[in-house]
Amino acid sequence: SPLHLPRISAHVKQQIADMAVNGSGIRDTARVLKISRTTVTETLKKARHLKAVNEARLAELEPTKTIVKLCQWEDWRQKPMKCGVT
């Protein structure tokens with residue numbers, strides 16, 4: 001039998017999307033909104049308008065002058081100016 005998820009309101013779907021864009025994880029989102037992790041995951045899968053790239057920021061960059069410094073989360077928390085795009 002197929003998995004049946006409870007219906008969630010458009011408002012909660014928007015909250016899930018907003019939290020994802022702002023860096024909240026699946027577990028955090030589920031805990032805060034008091035819904036299952038499966039509901040969060042399935043909602044994000046269906047949210048076609050979400051993208052992993054900040055297209056507005058990407059359009060501002062000049063590829064020949066852009067340096068991207070990759071850092072682990074802990075490094076970024078300690079020295080945010082040393083990580084990111086310059």
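## A walk through the helices

Start with everything selected: the accessible surface of the protein comes to about 7600 Å², and 54% of that belongs to carbon and sulfur atoms (areas by the Shrake-Rupley method with a 1.4 Å probe; for residues, only the protein chains shown count as cover). Before you click further, note that this is a predicted model, where local features need pLDDT of at least 70 and side-chain atom pairs count only at pLDDT 80 or more, while totals for chains, interfaces and linings use all residues. Residues are numbered from 1 along each chain as its sequence is written, and side-chain values use heavy atoms, with hydrogens and water left out.

Now switch to cartoon. You'll find five helices and two strands (DSSP runs numbered from the N terminus: helices are H or I with at least four residues, strands are E with at least two). Along the sequence the order is α-α-α-α-β-α-β. Colour by burial and 14% of the 86 residues count as buried (under 20% relative accessible area; exposed is over 50%, partly exposed in between, with a 1.4 Å probe and protein chains only). As for contacts (heavy atoms within 4.5 Å), take those between residues at least 6 apart in sequence: 33% of them join residues at least 24 apart.

**Stop 1: helix 1.** Select residues 10-21. These twelve residues reach 16 Å from first C-alpha to last, close to the 16 Å expected at 1.5 Å a residue (the expected span is 1.5 Å times one less than the number of residues). Show side chains for Val12, Ile16, Ala17 and Met19, the buried residues of helix 1. They sit on the same side of helix 1, because they cover an arc of only 165° around the axis (taken from the directions from the helix axis to the C-beta atoms). What do these buried residues pack against? Helix 2 and helix 3. Spin the view to the face turned away from the buried side, and there are the exposed residues Ala10, His11 and Val21. Just after helix 1, pick Gly23: its phi is positive, near 95°.

**Stop 2: helix 2.** Select residues 26-33 and centre on Thr29. Is Thr29 buried or exposed? It counts as buried, because its relative accessibility is 2%. Leave aside its neighbours within four places in sequence, and Thr29 is in contact with Ile16, Met19, Ser24 and Val40. Ile16 and Met19 you've already met among the buried residues of helix 1.

Next, pick Asp28 and Arg31. They form a salt bridge, with the closest N and O atoms 3.2 Å apart (the rule: a side-chain nitrogen of Lys or Arg within 4 Å of a carboxyl oxygen of Asp or Glu). The two are three residues apart in helix 2, so about one helical turn separates them. Asp28 is partly exposed at 38% relative accessibility, whereas Arg31 is exposed at 57%.

**Stop 3: the loop.** Step on to Ser36, between helix 2 and helix 3. Ser36 is partly exposed, with a relative accessible area of 35%. Put a distance label from its C-alpha to that of Ile26, ten residues away along the chain, and you should read 9.2 Å.

**Stop 4: helix 3.** Select residues 37-46 and zoom in on Lys45 and Glu42, three residues apart, about one turn of the helix. Their side chains meet in a salt bridge at 3.5 Å, N to O. Lys45 is exposed at 59% relative accessibility, and Glu42 is partly exposed at 24%. How many salt bridges does the rule count? Two.
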